[in-house]
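Here are some notes to read beside the sequence and the model, written for someone at the start of the subject. Please keep the structure open while going through the points.

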Amino acid sequence: MEVRWDVFWIIIGSALLTFIPRVLPLMLFSKIQIPVWLLRWLEYVPVAVMAALIGQELLMSGNQLVPLTQNAALWAALPTFVVAIWTRSLLGTVLVGIVAMMILRYVIG
């Protein structure tokens, strides 16, 4: 079996480019004391990222806002959100979202 060195170096380079951004912050932050205000601020990052992703997915199509009358995803998200808050069941939430989206795609088109 012959080793193709160009492929080998691409794999090694890709591994390093994946490894360094994950390990470097851990090494840096394990050596310093993080201020309390920064820790409190960092608690909101996952929620903000999730809200931005969901908001964009529900309200935009490409670079344009989707009209409310044609936005099946937004209308399907409403009962899905209620079920998620009320039951805290992942399976129930997913099923309600799928069924709501099926019905709305049939109705709205």
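1. In this predicted model, the count of salt bridges comes to one. The partners are Arg4 and Asp6, whose side chains meet with a nitrogen-to-oxygen distance of 3.3 Å, and this pair qualifies because the rule asks for a side-chain nitrogen of Lys or Arg within 4 Å of a carboxyl oxygen of Asp or Glu. As a general matter, side chains of opposite charge can pair when their charged atoms come close.

2. How exposed are the two partners, Arg4 and Asp6? Arg4 has a relative accessibility of 54% and counts as exposed, because the exposed class begins over 50%. Asp6, at 44%, counts as partly exposed, since that class lies between 20% and 50%.

3. The UniProt record, in an unreviewed entry, places the feature "transmembrane region" at residues 6–29 and 72–104. Asp6, the salt-bridge partner of Arg4, is therefore also the residue at which the stretch 6–29 in that record begins.

4. What does the model show over each of these two stretches, 6–29 and 72–104? Residues 6–29 are 100% helix and 0% strand, and the C-alpha atoms at the two ends lie 35 Å apart. Residues 72–104 are 94% helix and 0% strand, whereas here the end C-alpha atoms are 6 Å apart.

5. A nonpolar patch of about 1300 Å² lies on the surface, and its members include Leu68, Trp75, Leu90, Met102, Tyr106 and Ile108. Two elements give two or more residues to this patch, namely helix H4, which covers 72–87, and helix H5, which covers 90–108. The largest share, nine residues, comes from H5.

6. Two members of the patch can be looked at one by one. Trp75 belongs to helix H4 and is partly exposed, with a relative accessible area of 41%. Ile108 belongs to helix H5 and is likewise partly exposed, at 34% relative accessibility; both residues can enter the patch because membership asks for over 30% relative accessible area.

7. Which residues does Ile108 touch, once those up to four places away in sequence are set aside? The contacts are with Thr69, Gln70 and Ala72. Ile108 and Ala72 are 36 residues apart in sequence, yet their C-alpha atoms are 7.0 Å apart in space, and a reader can follow this by finding Ile108 in helix H5 and Ala72 at the start of helix H4, which covers 72–87.

Conventions. Residues numbered from 1 in each chain as written. Predicted model: local features only at pLDDT ≥ 70, side-chain atom pairs only at ≥ 80, totals over all residues. Heavy atoms only, no water. Buried < 20%, exposed > 50% of the residue type's maximum accessible area, 1.4 Å probe, protein only. Helix = DSSP H or I, 4+ residues; strand = E, 2+ residues; numbered from the N terminus. Patch = residues over 30% accessible without salt bridge, like charges linked within 9 Å, V, L, I, M, F, W, Y side chains within 5 Å. Areas by Shrake-Rupley, 256 points an atom, 1.4 Å probe, with all protein chains shown as cover. Contact = heavy atoms within 4.5 Å.
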